[in-house]
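Me: I'd like a close look at one part of this structure: the charged side chains and how they pair up. Please then connect that to the surrounding architecture, in one continuous walk-through.

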Amino acid sequence: MNVVPRDLMTEIPVSSADFRGAMRHLTGGVSVITAGRGTDITGMTVTSVSSLSVEPPTLLVSINRDASSFPLIKRHGAFGVNILNADQLDVAERFSGKGGLKGADRFKGATWVTAVSGVPLLAGALSAFDCEVEEIMERHSHGIIIGRVRDIRNSTRSAALAYWHGQYVAVDQDEDAARLAEVSVPTHGRRGV
């Protein structure tokens with residue numbers, strides 16, 4: 001493989017619209033990031049959560065620095081990550097700002113528990129993580145936040161909420177496996193399958 005030296009590459013600008021359109025092809029799990037304490041709380045719907053490390057348990061989140069959650073995370077040094085189940089579409093929409101809801105008003109209509117750090121965690125989320133900020137790296141429009149997981153709450157639910165092509169979709173392992181089995185090509189009598 002031949003690699004072209006960076007200084008010989010032609011700089012072709014990529015538009016924000018083109019980048020956003022291309023990223024719509026990446027399916028993402030839907031989570032709500034929560035921040036703040038007491039009545040000074042807010043949160044936002046994201047698909048930008050990923051595992052950074054198992055030893056120690058650490059998550060990475062990317063948040064727009066203009067989001068109301070960002071200064072609360074910086075101030076309190078903690079945040080919650082709530083992985084939504086397929087039945088929590090209403091929560092995803094509230095925390096995305098649908099209907100103009102802001103701050104503590106986004107938390108209405110769902111049950112929340114207070115984590116050890118003080119951040120709200122969603123009861124019934126597939127998993128909810130209480131995270132302590134280890135580091136925040138500010139790049140371009142976003143802050144890349146590394147959070148050490150201090151507590152985890154899991155539910156017995158199994159269907160997840162995902163985001164793909166600008167729409168929320170339910171992902172249910174049992175249901176989707178059954179559907180795939182109905183339409184799959186039979187494997188009996190075929191070699192190499």
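**Salt bridges and their surroundings**

Reply: Happy to! Across the whole structure, a search turns up ten salt bridges. Please keep in mind that this is a predicted model.

Let's start with Arg157 and Asp87, whose side chains form a salt bridge at 3.1 Å, N to O. Arg157 sits in the loop between β10 and β11, while Asp87 belongs to the loop between β6 (78-83) and α3 (89-95), so this pair ties together parts that are 70 residues apart in sequence. The two partners are not covered to the same class: Asp87 has a relative accessible area of 59% and is exposed, whereas Arg157, with 43%, is partly exposed. The boundary between these classes is at 50%, so Asp87 at 59% falls on the exposed side.

The next pair takes us into the strands. Arg148 and Glu134 meet through their side chains in a salt bridge of 2.7 Å, N to O. This pair also links distant parts of the chain, with Arg148 in strand β10 and Glu134 in strand β9, 14 residues apart. Both residues are partly exposed: Arg148 has a relative accessibility of 25%, and Glu134 has 42%.

Those two strands deserve a look of their own. Strand β9 covers residues 127-139 and strand β10 covers residues 142-154, and they pair in the antiparallel sense over twelve bridges. Within this pairing, Phe129 faces Ile152 in β10. In the loop between β9 and β10 you will find His140, which has a positive phi of about 55° although it is not a glycine. His140 is also exposed, because its relative accessibility is 76%.

Stepping back, β9 and β10 belong to an open sheet of seven strands, in the order β3-β2-β6-β9-β10-β5-β4, with antiparallel pairing. At the edges are β3 (40-46) and β4 (49-53), each of which pairs on one side only. On average, neighbouring strands in this sheet are turned by 35° against each other, direction ignored. Beyond edge strand β4, the loop leading to β5 (58-64) holds Pro56, and the peptide bond joining Glu55 and Pro56 is cis, with omega at about -5°.

Back to the charges: Asp151 and Arg153 form a salt bridge in which the closest N and O atoms are 4.0 Å apart. Asp151 counts as partly exposed at 27% relative accessibility, and Arg153 does too, at 37%. There is also a shared arrangement, in which salt bridges with partners in common join Arg65, Lys74 and Glu138 into one network.

How do the aromatic side chains pair up alongside these charges? The structure holds four aromatic pairs. One of them joins Phe107 and Trp112 edge-to-face, with 4.8 Å centre to centre and 65° between the planes. Both rings belong to buried residues, because Phe107 has 7% relative accessibility and Trp112 has 18%. Ring pairs also bring in Phe95, linking it with Phe107 and Trp112 into a cluster.

Tyr163 and Tyr168 give another edge-to-face example, because their ring centres are 5.1 Å apart and their planes stand at 65°. Here the residues are partly exposed, Tyr163 at 31% and Tyr168 at 25%. In the loop between β11 (160-164) and β12 (167-171) lies His165, with a positive phi of about 55° although it is not a glycine. His165 counts as partly exposed at 32% relative accessibility, whereas His140 counts as exposed at 76%.

For a nonpolar counterpoint to all this charge, look at Val14, Phe19, Met23 and Leu26, which make a surface patch of about 440 Å². Val14 lies in the segment before α1 (16-23) and counts as exposed because its relative accessibility is 63%.

To gather the charged pairs once more: Arg157 and Asp87 bridge two loops, Arg148 and Glu134 bridge strands β10 and β9, and Arg65, Lys74 and Glu138 share a network.

Notes: Residues numbered from 1 in each chain as written. Predicted model: local features only at pLDDT ≥ 70, side-chain atom pairs only at ≥ 80, totals over all residues. Heavy atoms only, no water. Pairing = 2+ DSSP bridges. Helix = DSSP H or I, 4+ residues; strand = E, 2+ residues; numbered from the N terminus. Axes fitted to C-alpha atoms, helices over the stretch in contact; angles between N-to-C directions. Patch = residues over 30% accessible without salt bridge, like charges linked within 9 Å, V, L, I, M, F, W, Y side chains within 5 Å. Areas by Shrake-Rupley, 256 points an atom, 1.4 Å probe, with all protein chains shown as cover. Buried < 20%, exposed > 50% of the residue type's maximum accessible area, 1.4 Å probe, protein only. Phe/Tyr/Trp six-rings, centres within 6.5 Å; stacked < 30°, edge-to-face > 60°.
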